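Subject: Structure for you to look at, with notes

Dear colleague,

I am handing over the structure we spoke about, and I would be grateful if you could open it alongside the notes in this message.

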Amino acid sequence: MRTAILGACVAAVLGVLGVRGQAPSSALNNPDGPVLYENARLIAGDGSAVIERSAILAERRMITRVGDAGSFLVPVSTRRVDLSGKTVMPALIGTHGHPGFQHGLSYSAANWTRDTLASDLARALYFGVSVVQSMGIESGDLLYQWRAAQAASRPLGARLQVTGRGIGSPNAGPGGAAYAGIAYEVTTEGAAREAVAELAARQVDMIKIWVDDRNGRAPKLSPPLYRAIIDEAHRRQLRVIAHVFYHADAVDLVDAGIDAFAHLVRDTVMSDALIAAIVRKNVVVMGNLTTPLKPTFAATPPWLTDGNPMMTLLGDAVPAAVVERMRGYYAKRDPKAVEGARQRYGILQRSLAKLNAAGAKIVLGADTGLEDHHFGFAEQLELQAMVEAGLTPAQAIVAATSRAAEFVNQPDAGVIGPGKRADFLVLDANPLDDITHTRRISRVVIGNAEIDRRALIALMR
């Protein structure tokens, strides 16, 4: 049954079934007609004041007006949706993902198919993530084809953006067996510039580089090489994001003109001078806290316990055997390993707190799509980790919505306001009181159409 549903949905995304531009079967209302969503608490996503009882008018998939409930007239033909007691906020935007590698308990390059990609993007949307930026572990044409198909028709699942093959020195790319042979391996400035030119020709959304020595298994990408990449990319109006580990590398990358960091510095807490340079040069930073958070627990964490809102979502989104494996990780944790993980994690928390206090541009990034680090689940957990590291819930929401939209170059996303896409979450509780309330999803609205989340469940299995 899943195969039949998935095949039909993938075909719809690829534009070979139905009418181009027609709302998919997972949409529950006509996105082109005027709809007034009224009486919800509104968190706009841009840091502006909360509207406690709001009105949002949307038509032709876009928001046309926002204000207090009853403060403006609407067309006679408007359909009204009463959201009393709910909270509305923009859909989340995931800036760092690796879709397509996990299918059930299997994690391998053999899973790199349209079905697995469709499943990951459906899973992201089920958890409230409307845009996924793939981050450099991409082979062949699959993601480019998917991105093109989404541009030609209404997306089913989260909207996909593409970085293409990342660039590193020999053996310095992603280390898992599933990723072997994907990255460009460069040793000369000419080869580095040629890699950028090839990626530019494919119209990637940004360029990813690996700079560090990958725990000693590879030479670092040398400053002359990454400076050549940055120069060539900027000449072609492309931004460069760096996978980094060492503080010294981060300092020189900022000086070289890097646009973003895909991870925090991990060998030491970021210095005041480095943070000041990051802020001065508008370098975007993502925490990617949740993968290193995992080993800090000596027992099963709350979000994997029955009855927790995250576990409720996860139970719908992945097979039971996968959940059991995730829980099983915590069965026999070595106390020394846990303590070491906590010390290393504390470095990241302190750096993120310092960056936030200095006004750095922090965005939601979770290294999503690594084994058992599922789409949507990872972003929701990252929000919690960001708040635990010192951001307020309001700041974390900005990082996950308007600022993330700016970073992935989606100017019509990330904010509930006139001229923006009507992409938002309807929540049963206020995330400003508790950031984990972003998991209490009542509805997902994309392009002014409520998504049939049961249809997404069918895609994820």
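What follows goes through the pocket, the sheets and two helix contacts in turn.

Please keep in mind throughout that this is a predicted model.

I begin with the largest pocket, which holds about 760 Å³ of space. Its lining is made up of 29 residues, and those lying nearest the centre of the pocket are Arg-214, His-243, His-263, Arg-266 and Asp-367. Three elements, namely β14 (207-210), α8 (290-293) and α11 (335-358), give two or more residues to this lining, and of these α11 gives the most, with four residues. Sorted by class, the lining of the largest pocket comprises 12 nonpolar, 10 polar and seven charged residues.

Turning to the sheets, you will find an open sheet of five strands, in which the order is β2-β6-β19-β20-β21 and the pairing is mixed. The edges of this sheet are taken by β2 (41-42) and β21 (449-450), each of which has a single partner strand, so one side of each is left without a neighbour in the sheet. Further in, strand β6 (residues 87-90) pairs with strand β19 (residues 424-427) in the antiparallel sense, over four bridges, and if you would like a place to check the register, Thr-87 has Leu-427 in β19 as its bridge partner.

There is also an open sheet of three strands, ordered β7-β10-β11, and here the pairing is parallel. Its edge strands are β7 (92-97) and β11 (159-161), each pairing on one side only, while the twist from one strand to the next averages 20 degrees. Within this sheet, β7 and strand β10 (residues 129-134) are joined by four bridges in the parallel sense, and Leu-92 has Val-129 in β10 as its bridge partner.

The remaining notes concern two helix contacts. In the first, helix α2 (residues 114-126) packs with helix α15 (residues 453-460) at an angle of about 145 degrees, the axes being 8 Å apart, and the crossing of α2 past α15 is left-handed. On the α2 side the residues in contact are Ser-119, Ala-122, Arg-123, Leu-125 and Tyr-126, and these meet Arg-453, Leu-456, Ile-457, Leu-459 and Met-460 in α15. Taken by class, the residues of this contact between α2 and α15 are seven nonpolar, one polar and two charged.

In the second, helix α4 (residues 189-201) and helix α5 (residues 223-235) pack at about 35 degrees, with their axes 9 Å apart, and the crossing of α4 and α5 is right-handed. From α4, the residues Glu-189, Ala-192, Arg-193 and Val-196 meet a set in α5 that consists of Pro-224, Leu-225, Ala-228, Ile-229, Asp-231, Glu-232 and Ala-233. The contact of α4 with α5 has seven nonpolar and four charged residues, with no polar ones.

With best wishes

Technical notes: Residues are numbered from 1 along each chain as its sequence is written. This is a predicted model: local features need pLDDT of at least 70, side-chain atom pairs count only at pLDDT 80 or more; totals for chains, interfaces and linings use all residues. Side-chain values use heavy atoms; hydrogens and water are left out. Axes are lines fitted to C-alpha atoms, for helices over the stretch in contact, and angles run from 0 to 180 degrees between N-to-C directions. A crossing is left-handed if the near helix is turned anticlockwise from the far one by less than a right angle, and right-handed if clockwise. Contact means heavy atoms within 4.5 Å. Ala, Val, Leu, Ile, Met, Phe, Trp, Tyr, Cys and Pro count as nonpolar, Asp, Glu, Lys and Arg as charged, and the others, Gly among them, as polar. On a 1 Å grid over the protein atoms alone, a cavity is a set of points where a 1.4 Å probe fits but cannot get out, and a pocket is an open set with protein on both sides within 12 Å along at least five of seven lines; lining residues have an atom within 4 Å of a point. Grid points are joined across faces, edges and corners, and a volume is the space filled by probe spheres set on the points. Two strands pair if DSSP finds at least two bridges between them.
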